[in-house]
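Welcome to this short tour. Please open your viewer and keep the selection tool at hand.

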Amino acid sequence: MEPQGEKPEEADRVRITPQLLKLCSGEFALDSILLLKLRGLGLVDLGCLGACLGLEWLDLSGNALTQLGPLASLRQLVVLNVANNRLTGLEPLAACENLQSLNAAGNLLATPGQLQCLAGLRGLEYLRLRDPLARLSNPLCASPSYWAVVRELLPSLKVIDGERVTGRGSEFYQLCRDLDSSLRPTSSPGLSAAVAQPWVEPGYWESWPTQSSSILEEACRQFQHTLQECHDLDRQARDSLAQAQQALSPVGTTSSFVF
């Protein structure tokens with residue numbers, strides 16, 4: 001028998017409860033929780049998560065969330081991972097004034113306007129909307145101007161999709177992007193690929209016949225002569241050692257003593 005006043009679809013929904021939060025964090029008071037990992041639990045409803053007022057690090061990736069309403073009260077939140085959900089907006093995050101890192105790859109964000117709510121977060125430095133390694137993205141990432149639009153909309157960002165855009169190392173990523181752009185095939189009728197040119201002159205790698213040199217021949221002859229002398233000296237030394245060993249060896253094994 002179903003509980004009175006509860007619809008069947010609501011009973012099947014996985015939502016966050018105080019018991020779940022205490023079990024996952026080990027804390028007895030919700031406002032004492034600083035870190036929560038709620039990845040891949042099939043969550044649909046954030047429930048009482050907004051009561052965790054001291055929360056600083058939160059992982060909600062791999063669930064079935066469609067909205068983030070309760071997160072508006074998490075003013076201390078610094079790191080948030082909501083990748084691989086069903087989010088169509090991020091508006092509640094506008095109140096997370098201390099947010100520095102956000103991973104929202106693998107959702108349903110379709111236009112740059114849905115990121116406008118993040119413009120007031122001056123501390124936001126790391127944003128991920130696309131993760132090629134995990135094969136996660138958002139519809140807005142398909143636009144050729146996506147990267148430039150996001151950077152213009154959120155100028156405080158230092159890293160977008162794992163690539164540094166400002167500060168130390170940003171020049172390397174910019175160089176990689178320029179190379180990618182130059183290597184993309186063009187559809188313009190007036191442009192054609194340049195014909196590859198050889199790096200060196202013809203015949204550069206051909207081997208030339210060696211020229212005879214009297215100096216080189218004389219040096220080789222002297223080396224061979226010196227080498228032969230070394231062999232002769234070695235043979236003489238071996239003979240001398242053999243003779244010495246034979247002379248020092250006792251003739252018999254028995255010895256006689258006269259008293």
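We will go from the whole chain to one helix, and then to the core.

**Stop 1: the whole protein.** Remember as you look that this is a predicted model. Show the protein as a cartoon and color it by secondary structure: you should find five helices and seven strands. Now trace the elements from the N terminus; their order is α-α-β-β-β-β-β-α-β-β-α-α.

**Stop 2: the surface.** Switch on the surface view. The accessible surface comes to about 18300 Å², and carbon and sulfur atoms account for 56% of that area. How many of the 259 residues are buried? Buried residues make up 26% of them.

**Stop 3: helix H3.** Select residues 146-153, which form helix H3. Show the side chains of Tyr146, Trp147 and Val150, the buried residues of this helix. Then turn the view to look down the axis of H3: the buried residues fall within an arc of 95°, so they line one face of the helix.

**Stop 4: the largest nonpolar core.** This core has 44 residues. Which of them touch the most other members? Select Leu49, Leu102 and Leu118 to see them. The helix from the previous stop returns here: H3 gives the largest share of this core, three residues.

**Stop 5: around Leu49.** Center the view on Leu49 and add Ile16, Leu21, Leu36, Leu55, Leu58, Leu60, Leu71 and Leu74. Leu49 touches each of these residues, leaving aside those up to four places away in sequence.

**Last stop: back to the whole chain.** Zoom out again. Among contacts between residues at least 6 apart in sequence, 34% join residues at least 24 apart.

Definitions and conventions: Residues numbered from 1 in each chain as written. Predicted model: local features only at pLDDT ≥ 70, side-chain atom pairs only at ≥ 80, totals over all residues. Heavy atoms only, no water. Buried < 20%, exposed > 50% of the residue type's maximum accessible area, 1.4 Å probe, protein only. Helix = DSSP H or I, 4+ residues; strand = E, 2+ residues; numbered from the N terminus. Arc of directions from axis to C-beta. Core = buried A, V, L, I, M, F, W, Y, C linked by side-chain atoms within 4.5 Å. Contact = heavy atoms within 4.5 Å. Areas by Shrake-Rupley, 256 points an atom, 1.4 Å probe, with all protein chains shown as cover.
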